[in-house]
Amino acid sequence: MRQSEVALRVCFADKETIDMSSPVGHSLAGYLIYCCRVKGISVRREKVLFPAALLAANLPDLDFLPGFLVGRPNLYHHGISHSLGAVLVFSLFMTLGIQLLKKYSLIKNFLFFFIISCSHL
């Protein structure tokens, strides 16, 4: 486990214990990268990037949801959503979505979302 991540001890009915990253840790990583990105951007424009940064930092962890449905939250975690290919695709979709809302630099936005999403690799 990375030192920058906050660890939670999660206990299940069968007494199986696992360590997992906290959404707070990923959100803080997204926030720090966001702070670096918004230097020089007007306050009105950054209202779009902040929620997008938090979403980008946490979206790969949604792979817990199918595991919760079968009673084993960690079953599908660290699968395809934590791969370089998924990070590239996710960054592309986030960049295109932000581009529809605000006219930012495509390259800067792609790198912004790519760096945030790489916290899951």
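Setting aside neighbours within four places in sequence, Leu55 is in contact (heavy atoms within 4.5 Å) with Phe90 and Met94. Leu55 belongs to helix H2, residues 43-58; helices (H or I, at least four residues) and strands (E, at least two) are DSSP runs numbered from the N terminus. The model is predicted: local features need pLDDT of at least 70, side-chain atom pairs count only at pLDDT 80 or more, and totals for chains, interfaces and linings use all residues. Residues are numbered from 1 along each chain as its sequence is written, and side-chain values use heavy atoms, with hydrogens and water left out.

**Overall chain**

- The protein chain has five helices and two strands, in the order β-β-α-α-α-α-α along the sequence.
- Of its 121 residues, 36% count as buried, where buried means under 20% relative accessible area, exposed over 50%, and partly exposed in between (1.4 Å probe, protein chains only).
- Among contacts with a separation of 6 or more in the protein chain, 52% are between residues 24 or more positions apart.
- The accessible surface of the protein chain is about 7,600 Å², and carbon and sulfur atoms account for 69% of that surface; areas come from the Shrake-Rupley method with a 1.4 Å probe, and for residues only the protein chains shown count as cover.

**Helices H1 and H4**

- Helix H1 covers residues 23-37, and the 21 Å between its end C-alpha atoms agrees with the span expected for 15 residues at 1.5 Å a residue; the expected span is 1.5 Å times one less than the number of residues.
- The buried residues in H1 include Gly25, His26 and Gly30, and Tyr34 and Arg37 are also buried there.
- H4 has 18 residues, and its first and last C-alpha atoms are 26 Å apart, close to the expected 26 Å.
- Val87, Phe90, Ser91, Met94, Thr95, Ile98 and Gln99 are the buried residues of H4.

**Leu55 in H2**

- Leu55 counts as partly exposed because its relative accessible area is 41%.
- The C-alpha atoms of Leu55 and Gly30 are 8.5 Å apart, with their positions 25 residues apart in sequence numbering.
- Two of the residues named above recur here: Phe90 and Met94, which Leu55 contacts, are listed among the buried residues of H4.

**Asp63, His77 and His82**

- Asp63 lies in the loop between H2 and H3, and His77 in the loop between helix H3 (64-69) and helix H4 (84-101).
- Both residues are buried: Asp63 has a relative accessible area of 11%, and His77 has 13%.
- Not counting residues up to four places away in sequence, Asp63 touches Tyr76, His77, His78, Gly79, Ser81 and His82.
- On the same basis of leaving aside neighbours within four places, His77 is in contact with Asp61, Asp63, Phe64 and His82.
- The side chains of Asp63 and His82 make a polar contact at 3.2 Å; a polar contact is a pair of N or O atoms within 3.5 Å, and within protein one must be able to donate a hydrogen and the other to accept it, while residues adjacent in sequence count only if both atoms are side-chain atoms.
- His77 and Pro60 are 17 residues apart in sequence, and their C-alpha atoms are 8.9 Å apart in space.

**Helix H5 and the segment after it**

- Phe114 is in helix H5 and is partly exposed, with a relative accessible area of 21%.
- Phe114 touches Leu84, Val87, Leu88 and Ser91, residues up to four places away in sequence not being counted.
- A C-alpha separation of 8.6 Å is found between Phe114 and Ala56, which are 58 residues apart along the chain.
- Ser119 is in the segment after helix H5 (106-117) and is buried, at 17% relative accessible area.
- A polar atom of the Ser119 side chain lies 3.0 Å from the backbone oxygen of Ile116.

**Nonpolar surface patch**

- Leu92, Leu96, Leu106, Ile107, Leu111 and Ile115 form a nonpolar patch on the surface, with about 570 Å² of accessible area together.
- Patches are made of residues with over 30% relative accessible area and no salt bridge, with like charges joined within 9 Å and nonpolar side chains (Val, Leu, Ile, Met, Phe, Trp, Tyr) within 5 Å; a salt bridge is a side-chain nitrogen of Lys or Arg within 4 Å of a carboxyl oxygen of Asp or Glu.
- H4 and H5 each supply at least two residues of the patch, and H5 gives the most, with four.
- Leu96 is in helix H4 and is partly exposed, with a relative accessible area of 43%.
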